[in-house]
Amino acid sequence: MAWVGSFDAFVQSHLPSLRVEREAKMANYTSFRIGGSARRMAFPRTEEEVEQLLSFCREHEVPCLVIGKGTNLLIADEGLDQLVLNMLEMNKIRVEGTRVYAQAGALLSRIAVAAQQAGCAGLAFAHGIPGSLGGAVAMNAGAYGGEMRQVVESVTALFPDGVRTLRGEALRFGYRHSVFTEEEGVVLSAVLSLEKGDSAAIRAEMDDFMARRKASQPLEYPSAGSTFKRPEGHFAGTMIDQCGLKGTAVGGAEVSTKHAGFIINKDHATFADVVALIGVVQDTVFREFGVELEPEVKIIR
Ligand SMILES: Cc1cc2nc3c(=O)[nH]c(=O)nc-3n(C[C@H](O)[C@H](O)[C@H](O)COP(=O)(O)OP(=O)(O)OC[C@H]3O[C@@H](n4cnc5c(N)ncnc54)[C@H](O)[C@@H]3O)c2cc1C
């Protein structure tokens, strides 16, 4: 907590135009609608601001959490004695030919629409994923047979040793995995390489994917999407369903009756409710199938 005074003084003297929210309720910044207050949340608008904020954190040994749209996060009710870097104000998108240049805070849905309107194909899968580009690159987000690694040409990111542009193998993309899940690094922007396509056909594909999401996912409740990663050779949702866990609840958290792979915040669920329910699901699936489910959702305490 001692760092907060130095932080406020640092912002006043070095970054006077930076927007900072004090005691920012994380429940307001996550799709799960769960989480106590972060001591400070900063909304950088430029790469220089990100650099200065991270230098402050390193110098003062302040933990820093980078977030986009908060759609893959479960945050403790006690809150975070950390600086949260909210990237959503760095959100420019530019399409040139079949390349999309976008900043980390741009929403995937907006990028997908910009690409579709410019007649660029290959990003329809991402349209319904509710996160930002930075979160999607970090998680190698994917759906309906597509994933970020298929379209990312390069990523410019800030690492402790400075800004670097990575491509290919250096991005270490795997299933819901990238270099950013292994190493400290903030995605600043990325270039996506797409193909020439027909706008109307891409729109139809996006609409089809969205209709399938609406039909199969509990979008009417707060959640963080699929709670668990897909274990090799299995589907988490199918195993959870076969264990009869649909509708199982702990406090206000429930295994969705619509899609067993989603834990939803049905009624004012707490962090502890969701964590306990994750444990119930993991124990039951392990007992029945001998398979260990690993959370896809990032649990932050
Ligand atoms: C209803 C629903 C449906 C979903 N469907 C899908 C789906 O089909 N496929 C899928 O893959 N996911 C899905 N998700 C999960 C989620 O939307 C994705 O993981 C998304 O990519 C997360 O982006 P975000 O901006 O919300 O990241 P956040 O939740 O804010 O952060 C997620 C992780 O990325 C890191 N991160 C965020 N921004 C940056 C950055 N700029 N630099 C470095 N690290 C960063 C964070 O530190 C954190 O570790 C769904 C979620 C919901 C709620």
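**Notebook: ligand site and sheet**

I began at R213, where a polar side-chain atom lies 2.8 Å from an oxygen atom of the ligand. I keep in mind that the model is predicted. Next I looked up the cover on the ligand: it exposes 970 Å² when taken alone, and the protein buries 92% of that.

I then went through the elements around the ligand. Those giving two or more residues to the shell are strand 3, helix 4 (133-139), strand 9 (142-143), strand 13 (186-193) and strand 15 (223-226). Helix 4 supplies the largest share of the shell, 5 residues. I sorted the shell residues by type and noted 16 nonpolar, 14 polar and 4 charged.

Which residues come nearest to the ligand? I listed V66, G68, T71, S132 and G142, out of 34 residues around it. For G142 I also noted a polar contact: one of its polar backbone atoms is 2.6 Å from a nitrogen atom of the ligand. At A136 I found a backbone N or O atom 3.4 Å from an oxygen atom of the ligand.

Strand 3 gives residues to the shell, and I followed it into its sheet. I recorded an open sheet of 4 strands in the order 1-2-5-3, with mixed pairing. Its edges are strand 1 (19-25) and strand 3 (64-67), each paired on one side only. Averaged over neighbouring strands, with direction ignored, I noted a turn of 30° against each other.

How do strand 3 and strand 5 run, parallel or antiparallel? They run parallel, and 4 bridges join strand 3 to strand 5 (residues 80-86). One pair I wrote down is C64 with its bridge partner L83 in strand 5.

Two helices pack on this sheet, and I took them in turn. Helix 1 (residues 3-14) touches strand 1, strand 2 (37-43) and strand 5, and its direction makes about 20° with that of strand 2. Helix 2 (residues 47-60) touches strand 2, strand 3 and strand 5, and its direction makes about 165° with that of strand 5.

Last, I looked at a hairpin. Strand 6 (residues 93-96) and strand 7 (residues 99-103) run antiparallel and are joined by 4 bridges. I found E96 opposite R99 in strand 7. The hairpin has 2 residues between the strands, and G97 takes a positive phi near 60°.

Methods:
Residues are numbered from 1 along each chain as its sequence is written. This is a predicted model: local features need pLDDT of at least 70, side-chain atom pairs count only at pLDDT 80 or more; totals for chains, interfaces and linings use all residues. Side-chain values use heavy atoms; hydrogens and water are left out. Two strands pair if DSSP finds at least two bridges between them. Axes are lines fitted to C-alpha atoms, for helices over the stretch in contact, and angles run from 0 to 180 degrees between N-to-C directions. Contact means heavy atoms within 4.5 Å. A residue is near a molecule or strand if one of its heavy atoms lies within 4 Å of it. A polar contact is a pair of N or O atoms within 3.5 Å; within protein, one must be able to donate a hydrogen and the other to accept it, and residues adjacent in sequence count only if both atoms are side-chain atoms. Accessible areas come from the Shrake-Rupley method with a 1.4 Å probe; for residues, only the protein chains shown count as cover. Ala, Val, Leu, Ile, Met, Phe, Trp, Tyr, Cys and Pro count as nonpolar, Asp, Glu, Lys and Arg as charged, and the others, Gly among them, as polar.
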